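Reader: I have not seen this structure before, and I would like to understand the terms used for it. Could you show it to me and then take my questions in turn?

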Amino acid sequence: MSAPDWYTSGLPHIWLPYSQMKTAPAPLAVRSTRGSLIELQDGRSLIDGVAAWWTACHGYNHPHIRACAEEQLARMPHVMFGGMVHEPALRLASRLAALLAGDLDHVFYTDSGSVAVEVALKMAIQYRINRGETGRTKILSFRGGYHGDTLATMMICDPEEGMHHLFSGVMPSQYIIDLPQDAASSAAFETFLETHADTITAIVVEPLVQGAGGMIFHPPAVLRTLREAADKYGLILILDEIFTGFGRTGSMFASDQAGIVPDIITLSKALTGGTVALAATVARRHIYETFLSDNPEHALMHGPTFMANPFACACANASLDLFEREPRLDQVANLEAALSEQLEPCRTLPGVRDVRVMGAIGVVEMEHIADPATLRTRFIAEGVWIRPFRNIIYLTPAFTITANELSALTSAIQRVLSCG
């Protein structure tokens with residue numbers, strides 16, 4: 001089938017993400033989506049194994065989200081959030097506050113995960129400034145971590161993860177060390193804090209799963225260690241739940257499994273069920289209250305043009321409706337069991353280093369992937385959309401994926417890896 005006019009005329013003007021445009025394979029032309037299927041312009045269908053970069057937790061085009069989106073679009077697609085508020089944003093904020101642990105009560109909306117993390121960093125630093133504290137401006141994060149692609153978030157990502165090393169030295173360096181997971185790393189963590197805590201304002205971590213750094217898992221005990229250290233040294237604990245939030249790890253939020261309350265949490269991706277961009281940075285009461293003052297300079301001076309977009313907030317409320325009405329966490333538990341069973345045979349295949357599963361995340365870690373683009377092409381030939389990166393092949397499907405669709409994904413991985 002020949003390419004449509006919009007494809008041939010528009011493609012030369014597009015700059016794709018994470019791609020060397022001189023050598024990148026031609027992108028697939030998508031016509032429509034439904035459930036866990038991506039319908040291509042040429043008539044083929046692909047089973048989506050990554051749920052649109054981990055966002056479409058209810059599958060594509062869920063009728064409830066679509067109906068709420070259509071209703072909101074007809075009423076008010078957007079209005080500025082400066083000096084005005086509206087029902088979708090306020091209702092969503094109260095629902096998020098009720099879902100989140102402890103006194104995570106104050107929601108600041110943005111429109112992407114990277115910006116949500118930027119706002120969290122800004123809150124943490126200004127928290128010190130508003131309290132009259134000086135010298136505590138450093139951020140502590142961890143090797144294997146990823147927190148976004150903007151300039152400030154790049155400085156807290158693992159410098160060895162490969163995406164941002166070209167920008168080394170552009171922004172002020174921060175502290176990046178190993179997660180305290182065993183006796184040696186825990187001792188090193190404690191020693192580091194004893195030496196540097198008076199220069200640190202916050203600790204930032206992806207709870208339970210470091211996503212784009214390689215789907216690296218750690219147990220809930222690590223989060224409890226971080227919470228205890230933050231309390232001991234007077235640090236702000238920021239949990240980046242952009243990937244892990246809304247059921248992906250088996251609980252509504254990954255931090256729930258550790259029984260801790262972070263000081264700030266960042267949310268995005270599945271917040272709207274993968275429908276439209278929206279993010280939120282949610283702070284505890286003691287953080288928020290340091291910004292309340294007669295001094296106008298104590299205000300948080302940040303305001304994305306499309307923050308609290310009513311259309312996006314309506315979609316997020318619809319997504320939360322589905323978590324209340326449909327057995328999403330039970331579906332994730334079933335996915336965890338199925339992924340564990342169906343991916344385990346990959347452990348004996350050539351070049352496989354590890355197989356691991358948590359919630360609706362299945363990972364086959366390879367010794368090395370020489371050409372991810374070619375591997376992706378082989379998966380397309382199998383009728384599935386799986387996007388390997390670094391040295392991993394992973395599945396993060398919609399929670400509503402059918403048993404047959406999931407089996408098609410895991411079987412495709414086995415067949416492709418068996419062929420070498």
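**Reading the terms**

Author: A place to begin is alanine 93, which is located in helix 4; please keep in mind that the model is predicted.

Reader: Why is alanine 93 called buried?

Author: The relative accessibility of alanine 93 is 19%, and because buried means under 20% relative accessible area, alanine 93 counts as buried. Leaving aside neighbours within four places in sequence, alanine 93 is in contact with Val107 and Tyr109.

Reader: What makes tyrosine 109 buried and phenylalanine 81 partly exposed?

Author: Tyrosine 109 has 2% relative accessibility, which is under 20%, and therefore counts as buried. Phenylalanine 81 has 22% relative accessibility, which falls between the 20% and 50% limits, so phenylalanine 81 counts as partly exposed.

Reader: Why is the pair of phenylalanine 81 and tyrosine 109 called edge-to-face?

Author: Ring centres must lie within 6.5 Å to make a pair, and planes over 60 degrees apart count as edge-to-face. The centres of these two rings, phenylalanine 81 and tyrosine 109, are 6.3 Å apart and their planes stand at 80 degrees, so the pair is edge-to-face. Phenylalanine 81 lies in the loop between helix 3 (63-75) and helix 4 (87-99), while tyrosine 109 lies in strand 4 (residues 104-110), so the pair ties together parts that are 28 residues apart in sequence.

Reader: How many aromatic pairs does this rule give?

Author: The count comes to ten aromatic pairs. One of them joins tryptophan 6 and tyrosine 7, with 6.0 Å from centre to centre and 75 degrees between the planes, and this pair is edge-to-face. Tyrosine 7 has a relative accessible area of 15% and is therefore buried, whereas tryptophan 6, at 49%, counts as partly exposed, because exposed would require over 50%. A single aromatic cluster is formed by Trp54, Phe243, Phe389 and Tyr394.

Reader: How do you know that the charged end of lysine 138 sits over the ring of tyrosine 175?

Author: The charged end of lysine 138 is 5.7 Å from the ring centre of tyrosine 175, and the distance limit for a charge over a ring is within 6 Å, with a further condition on the angle to the ring normal. Arginine 356 likewise lies over the face of phenylalanine 217, at 5.6 Å from the ring centre.

Reader: What does UniProt list for Lys269, and where is lysine 269 placed?

Author: An unreviewed UniProt entry lists Lys269 for "modified residue: N6-(pyridoxal phosphate)lysine". In the model, lysine 269 is in the loop between strand 11 (264-267) and strand 12 (279-284). At 26% relative accessibility, lysine 269 counts as partly exposed. Not counting residues up to four places away in sequence, lysine 269 touches several residues, including Trp54 and Phe243, which also belong to the aromatic cluster.

Reader: What makes threonine 290 buried?

Author: Its relative accessible area is 15%, which is under 20%, so threonine 290 is buried. Threonine 290 is found in the loop between helix 9 (285-289) and helix 10 (310-325), and its side chain reaches the backbone oxygen of isoleucine 287 at 2.7 Å.

Reader: Which residues have the most contacts inside the largest nonpolar core?

Author: The largest nonpolar core has 124 residues, and those with the most contacts inside it include Tyr109 and Phe246. Helix 5 (residues 113-130) gives the largest share of this core, seven residues. A second, separate core has six residues, among them Ile65 and Phe311.

Terms used: Residues are numbered from 1 along each chain as its sequence is written. This is a predicted model: local features need pLDDT of at least 70, side-chain atom pairs count only at pLDDT 80 or more; totals for chains, interfaces and linings use all residues. Side-chain values use heavy atoms; hydrogens and water are left out. Rings of Phe, Tyr and Trp (its six-membered ring) pair if their centres lie within 6.5 Å; planes under 30 degrees apart count as stacked, over 60 as edge-to-face and the rest as tilted. Buried means under 20% relative accessible area, exposed over 50%, partly exposed in between (1.4 Å probe, protein chains only). Helices (H or I, at least four residues) and strands (E, at least two) are DSSP runs, numbered from the N terminus. A charge sits over a ring if NZ of Lys or CZ of Arg is within 6 Å of the ring centre and within 35 degrees of the ring normal. UniProt positions are given in the numbering used here, feature names are shortened, and annotations may be inferred rather than shown by experiment. Contact means heavy atoms within 4.5 Å. A polar contact is a pair of N or O atoms within 3.5 Å; within protein, one must be able to donate a hydrogen and the other to accept it, and residues adjacent in sequence count only if both atoms are side-chain atoms. A nonpolar core is a set of buried Ala, Val, Leu, Ile, Met, Phe, Trp, Tyr and Cys residues joined through side-chain atoms within 4.5 Å.
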